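Colleague: I would like to go through this structure with you, one question at a time. Please give the reasoning before each answer.

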Amino acid sequence: MKIAVSGKGGVGKTLIAGTLARLFAQNDYNVLAIDNDSAMNLSYTLGIDKEIRNTITPISKMKELIKERVTMEGGGSGVYNINPQVADIPDRFKIKVSDNLELLVLGSIEEPQSGCLCPENALIRTLLHNLITKRDEILIVDFEAGLEHLGRGTAKGIDLMLIVTEPSQKSLELSLKIAKLSKKLGIINIYLIANKIINNNQISIINQRISDWKIPLYHIIPYDEEIGNADLQGTAPIDYAPNSKSLNSLKTLFYNLLELKKEIFDL
Ligand SMILES: Nc1ncnc2c1ncn2[C@@H]1O[C@H](COP(=O)(O)OP(=O)(O)OP(=O)(O)O)[C@@H](O)[C@H]1O
Ligand SMILES: [Mg+2]
């Protein structure tokens with residue numbers, strides 16, 4: 001199963017992606033977590049030690065590799081191989097988190113200048129395509145805020161698009177844009193997750209706002225001070241407060257996704 005987690009900046013994508021990755025791994029699935037976020041926080045949420053975290057270089061910053069794979073022999077500046085060879089990269093650069101959980105930090109893709117397809121973009125885009133269409137593990141991708149760089153072929157490989165929103169107009173507006181784009185790109189299972197919810201009134205308002213979106217409010221995660229406390233301690237939320245209200249909610253989400261996985265694959 002290939003799961004993409006998207007949404008506006010700061011809504012909780014990394015918390016959800018990382019915790020789900022840990023829960024799948026705890027339940028004996030082989031998991032590859034993909035960090036496509038500029039902030040590179042997924043390693044923290046997965047519970048990787050700080051010393052190891054500090055040594056991680058995202059693929060998007062590996063200048064030599066990018067040059068080797070994307071530059072065309074004899075091509076002048078601005079001439080790139082837009083379909084570079086990438087199949088060996090995930091296994092070379094993935095980081096082992098535990099027995100059946102691994103992390104690959106792609107880094108974010110810079111917004112292309114008008115007409116410019118930067119080499120980093122070509123490599124990351126091809127890598128995403130390769131990962132989503134070729135890997136056998138449970139794949140959980142922590143996407144950068146927008147999905148502008150998701151191609152149709154890659155999107156078709158995504159079994160589940162989880163769009164995370166917080167109770168704010170801006171976040172809901174971007175969620176709708178992401179939902180429309182995901183649909184246009186051919187993703188079938190698109191679900192909204194409301195995070196940082198404080199009261200029922202917020203849920204009612206979100207439900208009203210999305211009534212004509214044709215995507216369900218699939219799950220609700222409460223606002224939880226323990227998440228901030230975990231962050232201050234530098235400990236992954238799932239290790240710091242495994243029985244807190246948000247973690248319990250994430251566990252319910254995980255079990256619901258297992259059921260959904262059966263529906264999608266085992267029919
Ligand atoms: N349910 C919650 N309760 C309280 N705080 C939360 C909750 N979910 C996330 N947070 C806090 O909100 C902030 C953003 O969370 P997170 O990094 O997971 O979001 P993100 O969408 O990945 O952000 P970015 O776009 O910057 O990568 C963090 O400080 C996190 O601790
Ligand atoms: Mg993030």
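**The core and its main helix**

Modeller: Ala21 touches Val31, Ala33, Leu46, Leu101 and Ile140, leaving out residues up to four places away in sequence. The model is a predicted one, and I will start from this residue.

Colleague: Which residues of the largest nonpolar core touch the most other members?

Modeller: This core has 74 residues. Ala21, with the contacts just listed, is one of those that touch the most other members. The full set is Val5, Ala21, Ala33, Ile140 and Leu162.

Colleague: Which helix gives this core its largest share of residues?

Modeller: The largest share is eight residues. They come from the helix that spans residues 13-26, namely α1.

Colleague: How many residues of α1 are buried?

Modeller: A residue counts as buried if 20 or more other C-beta atoms lie within 10 Å of its own. The helix α1 has 14 residues and is mostly covered. The number buried is 13.

Colleague: What distance does α1 reach from its first C-alpha to its last?

Modeller: For the 14 residues of α1, 20 Å is expected at 1.5 Å a residue. The model comes close to that expected value. The distance reached is 20 Å.

**Two positive phi angles**

Colleague: Which residue with a positive phi follows α1?

Modeller: The residue lies in the loop between α1 and β2 (31-36). Its phi is about 70°, although it is not a glycine. The residue is Asp28.

Colleague: Is Asp28 buried or exposed?

Modeller: A residue with 12 or fewer C-beta neighbours within 10 Å is exposed. Asp28 has 9 such neighbours inside 10 Å, so Asp28 counts as exposed.

Colleague: Where is Lys214?

Modeller: Phi of Lys214 is positive, near 65°, and this residue is not a glycine. Lys214 counts as exposed because it has 9 C-beta neighbours inside 10 Å. Its place is the loop between α9 (200-209) and β8 (217-222).

**Around the ligand**

Colleague: Which residues are the closest to ligand 1?

Modeller: In total, 21 residues surround ligand 1. By class, this shell has seven nonpolar, nine polar and five charged residues. The closest are Gly9, Gly12, Lys13, Thr14 and Leu15.

Colleague: Which elements each supply at least two residues of that shell?

Modeller: One of them is α1, the helix with the largest share of the core. The full list is α1, β7 (190-197) and α10 (225-233).

**Two residues in other helices**

Colleague: Which residues is Thr126 in contact with, leaving aside neighbours within four places in sequence?

Modeller: Thr126 is in helix α6 (residues 119-134) and counts as buried because it has 22 C-beta neighbours inside 10 Å. Gln85 is 41 residues from Thr126 in sequence, but their C-alpha atoms are 8.3 Å apart in space. The contacts of Thr126 are Asn83, Pro84 and Val86.

Colleague: How far apart in space are Asn256 and Glu226, C-alpha to C-alpha?

Modeller: Asn256 belongs to helix α12 (residues 245-265), and with 13 C-beta neighbours inside 10 Å it counts as partly exposed. Asn256 and Glu226 are 30 residues apart in sequence. In space, C-alpha to C-alpha, they are apart by 23 Å.

**The whole chain**

Colleague: What radius of gyration does the chain have?

Modeller: The chain has 12 helices and eight strands. A compact globule of 267 residues would have a radius of gyration near 18 Å, so the chain agrees with that rule. Its value is 18 Å.

Technical notes:
Residues are numbered from 1 along each chain as its sequence is written. Chains are lettered from A and ligands numbered from 1 in the order in which they are written. This is a predicted model: local features need pLDDT of at least 70, side-chain atom pairs count only at pLDDT 80 or more; totals for chains, interfaces and linings use all residues. A nonpolar core is a set of buried Ala, Val, Leu, Ile, Met, Phe, Trp, Tyr and Cys residues joined through C-beta atoms within 7 Å. Helices (H or I, at least four residues) and strands (E, at least two) are DSSP runs, numbered from the N terminus. Two residues are in contact if their C-beta atoms, placed from the backbone, lie within 7 Å. A residue is near a molecule or strand if its C-beta atom, placed from the backbone, lies within 6 Å of it. Ala, Val, Leu, Ile, Met, Phe, Trp, Tyr, Cys and Pro count as nonpolar, Asp, Glu, Lys and Arg as charged, and the others, Gly among them, as polar. The expected span of a helix is 1.5 Å times one less than its number of residues. The radius of gyration is taken over C-alpha atoms; the globule rule is 2.2 Å times the number of residues to the power 0.38.
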